[in-house]
Amino acid sequence: ILMNTATPLIDVLDSSGHALENSPRQQGAGLLQIDRAFETDVILHHRLKGGVELKEIGRETEFEVTLENLGNQQRSFAISAGKVLTSQDVPVDRIGRSGKVVKEIHAAEIKGSSIHLSEQSIQLGPKEKRTIRLRLDAGEAKDQFAEGYIYFKSLTEGQSDISIPYFGFVGDWSKERIVDAPAWETSSKLKLTSVLSSYKHNKSGRYIELGREKIQDNQSPLNPDNIAIQNQHSDSQIGNAFVRFALLRDITNYDLDIVKEATEDAPVLRRIDTGTMLSRVRYVDYFESLSEYSKLRTPIELHRWDGKVYDASKDENIPAPEGQYFFRLRVKNKENGAYQYTYLPVKIDNQKPEIVAIDTNRLTSHRELVITAKDNNKVWEVRTNLNGEDLLVEKVVDDAGQLHYHLKEVELPLDAKNHLRVE
């Protein structure tokens, strides 16, 4: 009854001035009208629900709605249908918390769509139940929602107007991408899906994004080939990897595994997590809510890999050999749907960087030591300590492309042994 007597709220007017309602997926049946709920003797339902859930549909589909008069007086209604709607992203002239132009979701009429009613009006005697048939033509809709409202305007004094929302998806609900593409891909919408690590020297928070050109800068270029951890390490080094992924749609099932190859049939080396029922990211929350933004950028603790794989002969997890591995995330959004796969690379790299030169030529003139180092994978960051004091380090690339680290404001006591620690 509360759904039947709610008022669908208007979102926008189309170019012809016709009112287009907010999506039933946003507002449900509409704004509750408690007074009208007490005034109705007639209830309206589809399979005993106050809304019509069509699920996956083709261009044309038929459905029924049933009216039941629970009172002792005759009730009459004129029947009409609103426009067949879908939703579209509309950039607006305001800047969200993220500094980006906000895209709002608004209603739009589907071209070529229509809805045919088997009755234009209906009368219900006392205690009478009647069913009307409707045929939905979704027009040019493809892989998108078709939705709207059916209205029953009361022609009887003392009886409230009633309505019922309907919605269905034209196409295969499993076809659209469920997990947002990895942050380094151009098709990524939120730039959230990536591999992180906890790192005690990070100044901006507990986690860093692996593969960034600058380890402390989450806006610097991200190269997936440089995503690596160690599994033989001290507590000052990067020895774990967390997967952070953004869901564009709600999911019913997921598995997160470590595999050696980015293929669907690659054997599972370690199961990280498995579960059900996770909710999608709401764009407006991510871009405009600081608390939601912070929450979504923080990986789930369960989605952590410590660089170990299961050894059946020992019945325990042991350090994985060095080499390339992948997080394989498998998800689906309906019980009988197909799985979608996302692969995020991570290397095990225990080889230490090698210092190939320490240049003291700038020590007197600039109070700088220059260190040149090389590594089999990538040197992300160099931290130095001279006689117990941390030094500022500047990364410099010379004309030949060679990477050097300039240690700033170096003070070497005369006639004393100096201890320089580089990590």
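Lys55 is exposed in this predicted model, with a relative accessible area of 63%. The residue sits in strand S4, which covers residues 52–57. Its backbone deserves a second look: Lys55 is not a glycine, yet its phi is positive, at about 60°. Most residues other than glycine have a negative phi.

Asp315 also belongs in this part of the account. Its phi is near 55°, again a positive value in a residue other than glycine. Asp315 is found in the loop between strand S21 (308–311) and strand S22 (316–319). With a relative accessible area of 56%, Asp315 counts as exposed.

Arg75 offers a contrasting environment. This residue is part of strand S6, residues 75–81, and its relative accessibility is 8%. Arg75 is therefore classed as buried, since the limit for that class is under 20%. The side chain of Arg75 makes a polar contact of 2.5 Å with the side chain of Asp41. Leaving aside residues up to four places away in sequence, Arg75 touches Asp41, Val42 and Asn69, together with Ile122, Gln123 and Leu124, and also Thr156, Glu157 and Gln159.

Turning to the surface, Leu2, Leu32, Ile34 and Phe38 make a nonpolar patch of about 450 Å². Leu32, one of these residues, is placed in the loop between helix H1 (24–27) and helix H2 (34–39). The relative accessible area of Leu32 is 48%, so this residue is partly exposed.

Conventions:
Residues are numbered from 1 along each chain as its sequence is written. This is a predicted model: local features need pLDDT of at least 70, side-chain atom pairs count only at pLDDT 80 or more; totals for chains, interfaces and linings use all residues. Side-chain values use heavy atoms; hydrogens and water are left out. Helices (H or I, at least four residues) and strands (E, at least two) are DSSP runs, numbered from the N terminus. Buried means under 20% relative accessible area, exposed over 50%, partly exposed in between (1.4 Å probe, protein chains only). A polar contact is a pair of N or O atoms within 3.5 Å; within protein, one must be able to donate a hydrogen and the other to accept it, and residues adjacent in sequence count only if both atoms are side-chain atoms. Contact means heavy atoms within 4.5 Å. Patches are made of residues with over 30% relative accessible area and no salt bridge: like charges are joined within 9 Å, nonpolar side chains (Val, Leu, Ile, Met, Phe, Trp, Tyr) within 5 Å. Accessible areas come from the Shrake-Rupley method with a 1.4 Å probe; for residues, only the protein chains shown count as cover. A salt bridge is a side-chain nitrogen of Lys or Arg within 4 Å of a carboxyl oxygen of Asp or Glu.
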